[in-house]
Amino acid sequence: MNAAGAVAIRILAMLLLLLVNGVVLIYMLRKVLGRLHIRIGPNRVGPFGLLQTTADVVKLLTKEDLMPESADKWLFWIAPFVVFVPSFLAYLPLAFGPDLAVTRLDTGLLFLLAALSLIPLGVVMAGWASNSKWSLVGGMRAAGQQIAYEVPLMLAVLGPVMMAGSMDLSRIIEAQKNLWFVFPQFIAFIIYIIAAQADTQQTPFDMSEAESELITGFANEYGGMRFGFLFLAEFSNMFIVSALGVSLFFGGWYVPFLTENPVALSLAPLIFMIKTYMGIFVMMWARGSLPRIRVDQLLAFSWKALIPISLSWVVIWACFQRLVLVR
Amino acid sequence: MKIWGTGILNGFRITMRNWMRGPITVQYPEQRLELPERARWTVTPKYNEDGTPKCTACLICEKECPDHVLRLDVSKLEDGTKHIDKYVYEVGACMMCGLCTAACPFDAIYMSHEYELASRYASDLSRVLLEDVDTASPRRAKKEETDA
Amino acid sequence: MPASAHETLLRDAAVVHTSETELLGTVVRLDCVNVRPALGALAAGGFDQLVDMFATDTGEAIELTYHLRAFSGFETLFVKCTVEYDGELVSVWDIYPAALFPEREAAELLGMSLTGHPNPKRLLTVEGTEPLLRKSVAIRGAQEVQFS
Amino acid sequence: MSDVRLDVSRQPGPRWVLPKGLRRVPEGLDELATEHLILNMGPQHPSTHGVLHVLLELDGEEVQAAEASVGYLHRGIEKLAESRKYHQVGTLLDRADYLAGLHTETAFALAVERLAGIEVPRKADWIRSLTMELCRLASHVVWAGTFGMDAGAMAPFLYIMRDREALLDILEAITGGRMMFNYVRPGGVFADLPAGVDTKIRAFLDVFDTYLEETDALLGGNEIFQARIKNVGVISRDTAMAFGLAGGTMRASGIDFDVRRDMPYAAYTELDFDVPVASGGDCWDRYVVRMEEMRQSVRMIRQLVDGMPEGDFTAKVPKVLRPPAGEMYAAVESPRGELGIHLVSDGGPTPYRMRLRSPAYYNLAITDEAIAGSLIADAVVIIGSLDIVLGEIDR
């Protein structure tokens, strides 16, 4: 098999992972929210309702493809893909095991963040092309929010990058063999989870959707599988930021005290996934517990609190590392 | 002075506590709750022990109903007693207020606990409670006694 | 506030009126051209709140009722005036902003023209609906239920 | 005495939303001008609590003007009441304020009783108070839940539904209906309390104390929620007075008035309760006042269950009631505020004119005053904080 074939297989595997992730995460979200809200969640389709999401996907696929008459046809058509494709691209540099990544880039982290920052472009396109005022407000909110929270997100990941001395996600994880970065980089971690929640439009920062204000914001006019793509992208973003958090702060595939254990190393992808899903669970828990912050407070919080703190943290850590650790 | 953020964490604690309490869902078609005795659903006629309806066709329920969902077609027999041709009840328009049963002087109708009223056909929403029966009019009972 | 405070206020404002104590409470009747000066004087004199404003079709004309309340002493006052059919309802919204909604409602439901109101649109019904609260508009009843 | 006219006439000309987008910019600045956006919020919108339609004039996300447009649920209850006998009107009134049907029924019964001079037995008064307080709890928990939903918190809504379910079960056992009670009749109530309902109520109250504190901690204790509702939608005392606000909305603005205390009816003279009042007039104060009202309701229900007197549950009332010709106004404190029935009788078997003074109707008129100048997110929260029920507004 030639190299191109291998890459193609890897990419397809990642696409499959994305789709399966989407299906599993939607089911998980419903169950988690249901239990948090003293309900049962889906339990009718299949055992324990496991096939509920599959049924929904089938429903979305068979639905009529509606396009608002006054919509900007081309933009409207392409927007879900502009949301979906970057979200898929962001999967590529993720390292699931010691040598398990679609592609191992020296600047994998940069690539991932760059891909993530493309998503609001699609959201704004969707909001604008729908030619609905609610969608427009949602799209504009997404743009403002993304600009505001991209900065603290980037600054927060700088701490682990400095410690590992690399932007390659595998190298960052390998650098955490003995010490998870969450301990030295606790402040960066707090900033990261807040910024990541905001960056992926999760409650309490789901400004662009804002169910009770903008109905579903930018996705208002979408139906059928187009909406499915927007929805899927949302869940895959959730997975990405959680996986990134695990890679940067929680030692990726390493289990404490079993870093040399061959069994633990052979189970690396599984451990990585479990950690990621635990992160996702916390995000869902927040979604079930917290009210939504207001849009001006959200922006003020970023510009006035998160960015100064993360900037000063970067400076402090850089000085600390240069003057104390590396002599 | 509370530290900013403790309330948020407390919220996490409360939702998790509610998770631990378990769901309160009643899985409807399999599980059913018992209705309290006073629950009011469809109007249903009552019968005597011998199977004759208690209704005397006094028409009070028809007059009492604010939504006019009850209609009695009554004809008079030669002997002066009443014969119910049809006692029609529009379930679809009924609001289950219970005024008819409260007004009935003969205790001939009651509000049953039949609450699964959804139907595929509009015709199901109109019911015939009684059809082609003689009334249990007090006068008839007296007449039969004198005959005997 | 003494029980006859409104008398003093209205006299000072030189408003012709009759004042009686009925089962309802103190009722002041006046001519509809005097409503604005009268309510202005009452509002300035301590009747803080317009509790309610509504109109009634008396059979000969339309009677407007302004229900006022003074919170110091919980004095209640009903100001009534009569407007002929298709007459003019003069807004008092700048005296009591609470009248903004009820005036629109009264004007549409009893067929009056609303003047002096900042937004004299219909409130509850659509354009072309007959003035529903007029006694001349009949209420449909039993014929609405379709018996099969 | 405050000048009530100040608040509305402070700017010249009406500032109601015009049908077309306004461009309120000076000449010559057109290149840089931002166009105002007219946004139709509702009648189908998750946060308008039914079928309210609010026209928002936006500059960016900032609301320049708001106009509430109602009437989507107009069923002509006032007109229909003119064709119903007195004991039949209750079925209509349940549907006016569908979250608190018992209050509307009681207001009507009080008006009829006062007009016809019917003496109500003491037990009937106590049953009325008991059911009304249960109903107030059932309505207030819905408000708390939907208010949280408006701010984006989903959990409280599901939790209060559990409490409301228990409350409705109790009310169903007493009245036979879950929302459409048709229980209070002129002269008393329809039926006596069923056996064993007092233990049911006590058992509920014991768990509800915990649940209520949890809901309060989940909403009011949350810093995000506090940031959302503090200093939002401030209604000054003068504005509240001028717009004829009622109930918790009014008390949050510093007007100490409660129909239960100041125009007593039913058994409220015999009960020990406090009327919570706040002075800020913002959404936070409305939240605090209503939460405290719930605690007072719990307190009152305990007293009512413990001290339920013996006796008749209804007075002797003729089958077809013909009150003498005249007028009567009777008010109750519904969950939304002073709910009054102004009854005009001509001596016949049906009311000549029945006017429903609904509190939410007057509370809604404040929307323009309270919303203008805030953000869309605030508009949603402000409307939620007013606790509107469209069935009562549109009648």
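In chain A, the axes of helix H1 (residues 3-36) and helix H10 (residues 224-249) approach to within 9 Å and cross at roughly 95 degrees; axes here are lines fitted to C-alpha atoms, for helices over the stretch in contact, with angles running from 0 to 180 degrees between N-to-C directions. That crossing makes H1(A) roughly perpendicular to H10(A), a label that covers 65 to 115 degrees, while angles under 35 count as roughly parallel, over 145 as roughly antiparallel and the rest as oblique. This is a predicted model, in which local features need pLDDT of at least 70 and side-chain atom pairs count only at pLDDT 80 or more, whereas totals for chains, interfaces and linings use all residues. Residues are numbered from 1 along each chain as its sequence is written, and chains are lettered from A and ligands numbered from 1 in the order in which they are written. Helices (H or I, at least four residues) and strands (E, at least two) are DSSP runs numbered from the N terminus.

At this crossing, Leu18(A), Asn21(A), Gly22(A), Leu25(A) and Ile26(A) of H1(A) meet Leu232(A), Phe235(A), Ser236(A), Met238(A) and Phe239(A) of H10(A), two residues being in contact if their C-beta atoms, placed from the backbone, lie within 7 Å. Seven of the residues in this contact are nonpolar, three are polar and none is charged; Ala, Val, Leu, Ile, Met, Phe, Trp, Tyr, Cys and Pro count as nonpolar, Asp, Glu, Lys and Arg as charged, and the others, Gly among them, as polar.

A second helix pair is found in chain D, where the axes of H4 (residues 122-150) and H5 (residues 155-175) come within 9 Å and cross at roughly 160 degrees. H4(D) and H5(D) are therefore roughly antiparallel to each other. Among the residues that meet are Leu134(D), Ala138(D) and Val141(D) in H4(D) and Ile160(D), Leu167(D) and Leu171(D) in H5(D). The contact of H4(D) with H5(D) has 17 nonpolar, five polar and two charged residues.

Turning to the assembly, chains C and D share the most contacts of the five pairs of chains in contact. Here 31 residues of chain C are in contact with 37 residues of chain D. On the chain C side, strand E3 (49-57) and helix H3 (100-109) are the elements that give two or more residues, and E3(C) provides the largest share, six residues. That side of chain C has 20 nonpolar, seven polar and four charged residues. By contrast, no contact joins chain A and chain C, and their closest C-alpha atoms lie 25 Å apart.

Now for the interior. The largest nonpolar core has 272 residues, and those with the most contacts inside it include Val83(A), Ala126(A), Leu39(C) and Ala111(D). Such a core is a set of buried Ala, Val, Leu, Ile, Met, Phe, Trp, Tyr and Cys residues joined through C-beta atoms within 7 Å; a residue is buried if 20 or more other C-beta atoms lie within 10 Å of its own, exposed if 12 or fewer, and partly exposed in between. A second, separate core of 21 residues includes Val43(B), Ile84(B), Cys97(B) and Leu130(B).

In chain C, helix H2 (residues 35-44) has Leu39(C) among its buried residues, together with Val35(C), Ala38(C), Ala41(C), Leu42(C) and Ala43(C). The buried residues of H2(C) pack against several elements of chain C, including helix H1 (5-12), strand E4 (62-70) and strand E5 (75-83). Gly46(C), with a positive phi near 120 degrees, follows H2(C).
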